[in-house]
Amino acid sequence: MSAELLLLRSPSANRVFTAAAGPLSVREAQWVLGSHAGAPADVHEHSVAGVDYLRILAEDTDLVRSLLAMLSAPFALFAPHPSADDGGETLLRPVALPQAMRHGSELETTLRYPGKTNEQFTAMLLNLAAALSSRRAGLLRGDLAVLDPTCGRGTTLNRALRLGLSPTGADLDRKDIDAYRTFLAAWAKQHRLPHTQSSGGLPTTGTGRGAKSAGSRWELDLAADRTAQRAGDVQKVRLLTCDTADLGAVLPYRSVDALVADLPYGVQHGARTEGWQRSPLELLERAVPAWRALLRTGGGIALALNRRTAPYTRVREILEAHDLHVLSADGEFRHRVDQSIDRDVVLAVPRDHPQLAMLRTLTVTATAEDEAGDAEHAPHVTHQPARAPEHGPRERTPHE
Ligand SMILES: C[S@@+](CC[C@H](N)C(=O)[O-])C[C@H]1O[C@@H](n2cnc3c(N)ncnc32)[C@H](O)[C@@H]1O
């Protein structure tokens, strides 16, 4: 039987996304709960005494509570019930949220640098990519294979580690990788987590005179204590310094469940250029074939992009040209980061994903405002039945 639950968001989510925080959280919860249930989830914004909540109608099961605890910004959960004096007041009974994290929040918040992806947004991206995966329960079990192919200084990897996963990250910028490596080793030491490190080169790419090592790798194996370490209960972080387009030659074919990337925005962060790749679209064109090869058939992709330098339609075209099916609507997650970054999220799965039909029932139509328009508010979205036939005419939003 369905029960009503009210989820209070962490106040910091409102500071990060301002007015878009509510709609973004609703869509995140809809994808996460809907994909686990196999049908659209009943989640809406709801206000009680001037305070905003997510109102969820779902079975109050351990699974639902665990999923809510893993959302990007849960603060407290309540079950509403009418007051006994019949005064029409709603009382909120606190409901315990399970402990979802294996490590403390300092892992995500300590490193600060220009170009860092916001932690709550990163958590949402990871949840969305995991929701698309047919192995989504691996997020709860700790065995979901997560790859961030443009990982910077590891915001996605830190989130994955907190969830008990063993993520892989790659970046071309050696300074970023070195800074993250140093941080992670110091963090493990500070928290007295038994760990071992190893490093080495990557396989050769190219042939003949053009043959060269793709880059280098560094790995950290981490355990909760010595007993766990001896029993082999370890988390592994794998960091690759290489061009993301070379990852197909470096990682095993079809080994990734959730590919999560905050793409270069094509803007400058202070004195820092985003690696060597100035054009996000050019990077995508080069990298998507490798990413597609690494993705399991039942895998999911969540990409954050700057609509100003990577227009949604072009990104969708590039993904669809590589046998991927785009599930998100144009503007579904749109929000303003600053003057030069009008951010959105693209969700995609392989065209032969075994649960494509179910995932398509979770899609919505969104109206992306004009590109020059106000992205302060995420657009309102409505549920729609599964999209028209794969090869039929594509939806076009007005500005395209
Ligand atoms: C928006 S940043 C990601 C930031 C990251 N999520 C974080 O919080 O640190 C994009 C990243 O893409 C990386 N990048 C750009 N071109 C690349 C390429 N060809 N191969 C691998 N990484 C690349 C940049 O070095 C940069 O770190």
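This section describes the overall make-up of the protein, its largest nonpolar core, one sheet region and one helix.

The structure is a predicted model, and residues are numbered from 1 along the chain as its sequence is written. Within it, 12 helices and 19 strands are found. Of the 400 residues of the protein, 44% count as buried. When contacts between residues at least 6 apart in sequence are considered, 70% of them join residues at least 24 apart.

In soluble globular proteins, nonpolar side chains tend to be buried together. The largest nonpolar core of the protein comprises 100 residues, and those with the most contacts inside it are L125, L128, A129, L259 and V346. Helix α5, which covers residues 119-132, supplies the largest share of this core, with 10 residues. The core also draws on both domains, taking at least three residues from each of domain 1 (1-100) and domain 2 (102-383). The surroundings of L128 may serve as an illustration: when residues up to four places away in sequence are left out, L128 touches E28, W31, A302, V345 and L347.

Towards the N terminus, strand β3 (residues 51-59) pairs with strand β1 (residues 2-9) in the antiparallel sense over seven bridges. Strand β3 is likewise joined to β2 (residues 42-48) by seven bridges, and these two strands also run antiparallel. The residue I56 in β3 takes part in both pairings, since L5 stands opposite I56 and V43 stands opposite I56 as well. Strands β2 and β3 form a hairpin with two residues between the strands, in which A49 takes a positive phi near 50°.

Helix α10 was examined for its length, its course and its packing. The helix has 15 residues (280-294), which at 1.5 Å a residue should span 21 Å, and because its end C-alpha atoms are 20 Å apart, the expected and modelled spans agree. A kink of about 45° nevertheless lies at A287 in α10, shortly before the proline P289. A287 is itself one of the buried residues of this helix, which also include P280, L283, L284, V288, A290, W291, R292 and L294. An α-helix has 3.6 residues a turn, so residues three or four places apart point the same way. The buried residues of α10 pack against several elements, namely the strands β6 (146-148), β13 (256-262), β14 (295-306) and β15 (324-326), together with the helix α11 (312-320).

Notes:
This is a predicted model: local features need pLDDT of at least 70, side-chain atom pairs count only at pLDDT 80 or more; totals for chains, interfaces and linings use all residues. Helices (H or I, at least four residues) and strands (E, at least two) are DSSP runs, numbered from the N terminus. The expected span of a helix is 1.5 Å times one less than its number of residues. The bend at a residue is the angle between axes fitted to the seven residues ending there and the seven starting there. A residue is buried if 20 or more other C-beta atoms lie within 10 Å of its own, exposed if 12 or fewer, and partly exposed in between; C-beta atoms are placed from the backbone. Two residues are in contact if their C-beta atoms, placed from the backbone, lie within 7 Å. A nonpolar core is a set of buried Ala, Val, Leu, Ile, Met, Phe, Trp, Tyr and Cys residues joined through C-beta atoms within 7 Å. Domain bounds come from an automatic or database domain assignment. Two strands pair if DSSP finds at least two bridges between them.
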